[in-house]
Amino acid sequence: ESGVPLVQAGTLVTCTHLPYEPFQFQEGGEIVGFDVDVVDAIAEDLGVEQEIVDTPFETIQSGEDLNAGKCDLAAAGMTINDVREENLDFSDPYFEATQALIAPAGSGYTSLDDLAGLSLGIQAGTTGAEYAQENATEAELVTFEDLGLLLTAVQSGQVDAAINDNSVLYDFAADNDDVEVTAEFETGEAYGIGVKTDNTELLEAVNASLARIQEDGTYDEIYEEWFGT
Ligand code: GLN
């Protein structure tokens, strides 16, 4: 075991918000996904086991969970941005994303303008919600607590379309013929792992592990497992 201080000795406690497939979701009673595998590699380098805590995305991105000592890390497909950086520290970027639109197949909604007077689903506390609030001013925004509820609402017709990160939407559309990704908005986002502000020792350990897995091929293997064709 390394000397890095952890909230619970011998365990790397990760806060996340389920489901966010393919980054973190339940499968056969287990929590699996891209972020889960990345953090497992970090835990391995620290000589400890990862334990995952499911908590609202709002309190992850606000830094509340980390500050309360609920977890050591936050790994939740979370975009690095200035507002969040005031309340927590981010690792080096480990994944790129951009906002995208998902709509029922054949709907023809390919821009936010097409949704004027219609309803657009957003996920609470996310960069997609913020983008919609700023750019989809003519749409009626409907907030959902998690990605699962958001996507179900598109399929059931409860909302006309929804906005979220591109890779989760493409992943869902690949398995569901009744929906399609119809636009990307080039928001140029990058995901980082959150650490409590000034927990420099852990932050450095996280960055060292991210560099290690990028160099030794582990990152590519994890990428292939969750995004390979
Ligand atoms: N990347 C987006 C954000 O940081 C969505 C993350 C999520 O919903 N888990 O807001």
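These are my notebook entries on salt bridges, one helix, backbone outliers and a charged patch in this structure, which is a predicted model.

**Entry 1. Salt bridges**

I began with the paired charges. As a reminder to myself, side chains of opposite charge can pair when their charged atoms come close. I took a cut-off of 4 Å between a side-chain nitrogen of Lys or Arg and a carboxyl oxygen of Asp or Glu. By this rule I have 3 salt bridges.

I looked up D45 and R212, whose closest N and O atoms are 2.8 Å apart. This pair links distant parts of the chain, with D45 in helix α1 (residues 34-46) and R212 in helix α8, 167 residues apart. I noted D45 as partly exposed because its relative accessible area is 38%. R212 is at 25% relative accessibility, so I entered R212 as partly exposed too.

I then found R212 in a salt bridge with D216, where the closest N and O atoms are 2.9 Å apart. D216 has a relative accessible area of 42%, so I put D216 down as partly exposed. Through shared partners, I can draw D45, R212 and D216 as one network of salt bridges.

I also recorded the salt bridge between the side chains of D65 and K70, at 3.7 Å from N to O. I checked whether each partner is buried or exposed. D65 is buried, with a relative accessible area of 5%. K70 is partly exposed, at 41% relative accessibility.

**Entry 2. Helix α9**

I went through helix α9 (residues 218-227) by burial. I listed Y219, I222, W226 and F227 as buried. They lie on the same side of α9, because they cover an arc of only 100° around the axis. The spacing rule I had in mind is that an α-helix has 3.6 residues a turn, so residues three or four places apart point the same way. On the other side of α9, I found D220, E221 and E225 exposed.

**Entry 3. Cis peptide bonds**

I next scanned the backbone for exceptions, given that most residues other than glycine have a negative phi and most peptide bonds are trans.

Which residue follows L18 across a cis peptide bond? I found P19 there, with omega near -10°. P19 sits in the loop between β1 (11-16) and β2. I noted another cis bond from E21 to P22, where omega is near 10°. P22 is likewise in the loop between β1 and β2.

**Entry 4. Positive phi**

I marked E186, which is not a glycine yet has a positive phi of about 50°. E186 lies in the loop between β12 (179-184) and β13 (189-191). I classed E186 as exposed because its relative accessibility is 63%.

I marked D198 as well, a residue other than glycine with a positive phi near 70°. I located D198 in the loop between β14 (194-195) and α8 (200-215). D198 counts as exposed, since its relative accessibility is 63%.

**Entry 5. Negative patch**

Which residues make up the patch of negative charge on the surface? I have E21, E27, E30 and D175 gathered there. E21 is also the residue before P22 at the cis bond in Entry 3. I placed E27 in strand β2 (residues 25-27). E27 is at 47% relative accessibility, so I entered E27 as partly exposed.

Conventions: Residues numbered from 1 in each chain as written. Predicted model: local features only at pLDDT ≥ 70, side-chain atom pairs only at ≥ 80, totals over all residues. Heavy atoms only, no water. Patch = residues over 30% accessible without salt bridge, like charges linked within 9 Å, V, L, I, M, F, W, Y side chains within 5 Å. Areas by Shrake-Rupley, 256 points an atom, 1.4 Å probe, with all protein chains shown as cover. Lys, Arg positive; Asp, Glu negative; His and termini not counted. Charge placed at Lys NZ, Arg CZ, Asp CG, Glu CD. Helix = DSSP H or I, 4+ residues; strand = E, 2+ residues; numbered from the N terminus. Buried < 20%, exposed > 50% of the residue type's maximum accessible area, 1.4 Å probe, protein only. Arc of directions from axis to C-beta.
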